[in-house]
Amino acid sequence: MPYKDPEKGKARKREYRAEHKEEIKAKKHADYEAHREEIKAKKHAHYLENKEKIKERNKSWVKANPEAAALVGERWRKANREKINARSRARRAAHPEQDENYRKAHREELAAKQLVYYYEHWEEYAAYREAHKEERAKSSAARRDAHKEERAIYIAAWRKAHPEEVAVSKRKRRALKAGVGHIPYKIADIISRDRNMCGLCHKRVAKVDRSIDHLLPLSLGGADAPHNVQLAHLKCNLSKRNSARFPVNLRLALGGVVC
Ligand SMILES: [Zn+2]
């Protein structure tokens, strides 16, 4: 029997719904479960019938709510990662040339992206490397073994083409061995800083006679660093031979090469 006062009836209904919230929810869900396929088919039919309209509506919603839309998109991508990956794989397999062209056209962009990704995930990379240490060492050794001769040729060519880098690494090794500090520097910079003059005899140094003299020798704890080196004739350098003939202070004063 209907209530005489409609407002009262509405209030009573609200009350009832609040009291039986869970029950109503469960019943709705059961109804849905019982007619799932039917409901889905109906929804799909509705979608097909109103496709353009729905698409337009969705588009305008995305435009009006870009942040919410980004969230929805992200959630969807997360839930459908496998599907997305499979689709990309299929597309790549069907059009390998497209992929190649894209990579060629966006090489630098992709490399930068990769680098960013690496830095963002470097802990995972490090953990992976740590977890696969032995396998990695083994496969590297096997690869080196399999390409021994090529490697030797390649390394020799590289060393010939990069004398500067070779000299730096040699000095670094010496410094490490002597247990002293090392700051990388370029010979060319030392030459121009010292105006191509020998720090020991103060005469010009020809290219073939060039050598790097350590003001305080490595053997006495001097660092292999710009502030402790000067350009010198190889002959002058060899005749000096870590001797204390020139006290460090005097040599510093003579060379005037502190930078
Ligand atoms: Zn000299």
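Helix 4 (residues 51-64) lies largely in the open, because the number of buried residues among its 14 is zero. Please keep in mind as you look around that this is a predicted model. Helix 3 (residues 36-49) tells a similar story: zero of its 14 residues are buried, so helix 3 too lies largely in the open.

The lengths of these two helices can be checked against what a rise of 1.5 Å a residue would give.

| Helix | Residues | End-to-end C-alpha span | Expected span |
|---|---|---|---|
| Helix 3 (36-49) | 14 residues | 20 Å | 20 Å |
| Helix 4 (51-64) | 14 residues | 20 Å | 20 Å |

For helix 4 the end C-alpha atoms are 20 Å apart, which agrees with the span expected for its 14 residues. Helix 3 reaches 20 Å from its first C-alpha to its last, close to the expected value.

Now for the overall layout. The protein chain is divided into domain 1, covering 66-130, and domain 2, covering 169-255. Taken over C-alpha atoms, the centres of domain 1 and domain 2 are separated by 51 Å.

Strand 2 (residues 229-233) is a good place to look next. Five of its five residues are buried, so to speak of it as mostly covered is fair, given that a residue is buried if 20 or more other C-beta atoms lie within 10 Å of its own. Val 229, Leu 231 and His 233 point one way from strand 2, while Gln 230 and Ala 232 point the other way. That fits a general pattern: in a regular strand the side chains alternate between the two faces of the sheet.

The partner of strand 2 is strand 1 (residues 210-214); the two run antiparallel and are joined by five bridges. Within this pairing, Ile 212 stands opposite Leu 231 of strand 2.

Strand 2 also matters for the nonpolar interior. The largest nonpolar core has seven residues: Ile 190, Cys 198, Leu 200, Val 205, Val 229, Leu 231 and Ala 232. Strand 2 gives the most to this core, with three residues. Ile 190, another core member, is in contact with Tyr 185, Ile 212, Pro 226, Val 229 and Leu 231, leaving aside its neighbours within four places in sequence.

Finally, have a look at Ala 206, in the loop between helix 13 (187-193) and strand 1. Is Ala 206 buried or exposed? Ala 206 is exposed, because 9 other C-beta atoms lie within 10 Å. Its C-alpha atom is separated by 12 Å from that of Lys 235, and the two residues are 29 apart along the chain.

Note on methods
Residues are numbered from 1 along each chain as its sequence is written. This is a predicted model: local features need pLDDT of at least 70, side-chain atom pairs count only at pLDDT 80 or more; totals for chains, interfaces and linings use all residues. A residue is buried if 20 or more other C-beta atoms lie within 10 Å of its own, exposed if 12 or fewer, and partly exposed in between; C-beta atoms are placed from the backbone. Helices (H or I, at least four residues) and strands (E, at least two) are DSSP runs, numbered from the N terminus. Two strands pair if DSSP finds at least two bridges between them. Domain bounds come from an automatic or database domain assignment. The expected span of a helix is 1.5 Å times one less than its number of residues. A nonpolar core is a set of buried Ala, Val, Leu, Ile, Met, Phe, Trp, Tyr and Cys residues joined through C-beta atoms within 7 Å. Two residues are in contact if their C-beta atoms, placed from the backbone, lie within 7 Å.
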